[in-house]
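Visitor: I'm new to this structure. Could you take me on a close look at one strand and what sits around it?

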Amino acid sequence: MTTRAITVGVATLGCRLNQVESQEMLGLVEAQGFRPVAGAERAEVYVVNTCTVTGRADFSDRQLIRRITRERPGALVVVTGCWAQTDPQAVARIPGVDLVLGNQEKYRLPELLAALLAQRPSPAPADGWTPEIRVAPIAEARSVPAAPLARVAGRSRAFVKIQDGCQHRCAFCIVPAARGASRSQDPKVVLDRVRALIEAGHGEITLTGVDLGHYGWDLLPRTTLAALVRQLAEVGGLRWLRLSSILPAYVTADLLEVITGSPRVAPHLHLPLQSGSDRVLRLMRRPYNTRMYRTLVERLARDLPDLGLGADLIVGHPGESEADFAETRALVSALPFSYLHVFSYSDRQGTESTRLTDRVPAQTIRARSTALRHLGREKALAFRQRMLGRTHEALVLEARDRATGLLSGLTANYVEVLFDGPDRLARGFVPVTITDCRPEGTFGRLEGSIA
């Protein structure tokens, strides 16, 4: 049976790393003769790459799988990702699912898909088909597989997975159960991937991972994230190198030096905070305290005046009192954040936090979340307003803004700016002067001969 005419679409939920792995899966199936499809084009096979970081994520996973099975009857449905890894039986019970793959098994997708296509009846049976489950213990994973680039991607921004898994055991977090222990990609593989992406026209590269700062600790010879960033910053044709989320405890003096000293490292960091209360951070088993966090941010803000700074916050962790929440609000107010990601606490089966008894009422969690999100919007607007009248280089994204029809560009410090211009500018870098900042968006005009 030939697989060359078989079309494959991937639907992704959750984090940026999941999006990267979805592109890797497309690259793998494409290399084996399948045809990846994007957008609204119908496919014969759908791969759903799931998330399980919150209870809401599990709900979204179920909704998406059921929508695909309802709207694409007869299509073969493969489910992988973190929910598939942590609860494969629950995934397999959803009608219409044909194959469940763990986070390591997703890299065997072409092989397993070909085998399944060969044995699955056609047309698809209305009932009686038992989904196949291929989920090995993630604790046994020892490597980060490499996958070919997918031609179907075509996005302005490029992401490179350099690390997977996590060494920490934060009380609230299910990620180690879904991703396993920390493991790093070989530096040569990373360098080759970055060079290939630059050749394909990507001037901005973002390094991604679960526990990015732990990069290199497991390799022989051991290396560091700082050493990798220094190497990548020397690659010809690279305009911006961006780091995804990194724990503040990993921002060493060496990494600080390369972040603040290299013009190719974008002045944008995402430093998870989770709580501004040291008491709650201890309950969460986070590997830092507020003094360490504040000192790092103040140093970064001093050395990078245009720094775009994001943070994750969890509201309503068991044991969080009104005084603890007040400390969080005070710290967030004091620090120069340009955006916040605010999450309401939800139990994850198997984590330590589920055993804590001092629960925060749901109504209180909602109120605190609303207050922090409001504060985040205020800080984001104030940050963008400080850019008024100044010209910034922006990477033009491939999709126009739906509401206005304007081009959308991303500045080095991670501000999306809308401006008028021709489609040919997509994936290029252009100078844009910020002319207006409103709660709903930031607007600018093209400068120089491009305009």
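Guide: Here is a walk from the whole protein down to strand β10 and the strands beside it.

A word on the ground rules: this is a predicted model, in which local features need pLDDT of at least 70 and side-chain atom pairs count only at pLDDT 80 or more, while totals for chains, interfaces and linings use all residues. Residues are numbered from 1 along each chain as its sequence is written, and side-chain values use heavy atoms, with hydrogens and water left out.

Let's start with the whole thing. The protein has 13 helices and 19 strands; these are DSSP runs numbered from the N terminus, with helices being H or I of at least four residues and strands being E of at least two. Its C-alpha atoms fill a box of roughly 65 × 60 × 50 Å along the principal axes. For 451 residues, a compact globule would have a radius of gyration near 22 Å, and the protein's 22 Å agrees with that. (That radius is taken over C-alpha atoms, and the globule rule is 2.2 Å times the number of residues to the power 0.38.) Buried residues make up 55% of the 451, where buried means under 20% relative accessible area, exposed means over 50% and partly exposed is in between, using a 1.4 Å probe and protein chains only.

Now to β10 itself, which covers residues 204–208. Five of its five residues are buried, and that goes for both faces: E204, T206 and T208 lie on one side, with I205 and L207 on the other.

Who are the neighbours? Strands of a sheet pair through backbone hydrogen bonds, either parallel or antiparallel. Here, two strands count as a pair if DSSP finds at least two bridges between them. One partner of β10 is β7 (residues 158–161), joined in the parallel sense over four bridges; within that pairing, I205 is the bridge partner of A158. Another is β11 (residues 240–243), which also runs parallel to β10 and is joined to it by four bridges. There, E204 stands opposite W240.

For another view of parallel pairing, look at the open sheet of six strands ordered β2-β1-β3-β4-β5-β6. β2 (35–36) and β6 (132–134) stand at its edges with a single partner strand each, so one side of each has no neighbour in the sheet. Further in, six bridges join β3 (residues 45–50) to β4 (residues 76–81), and T50 stands opposite G81.
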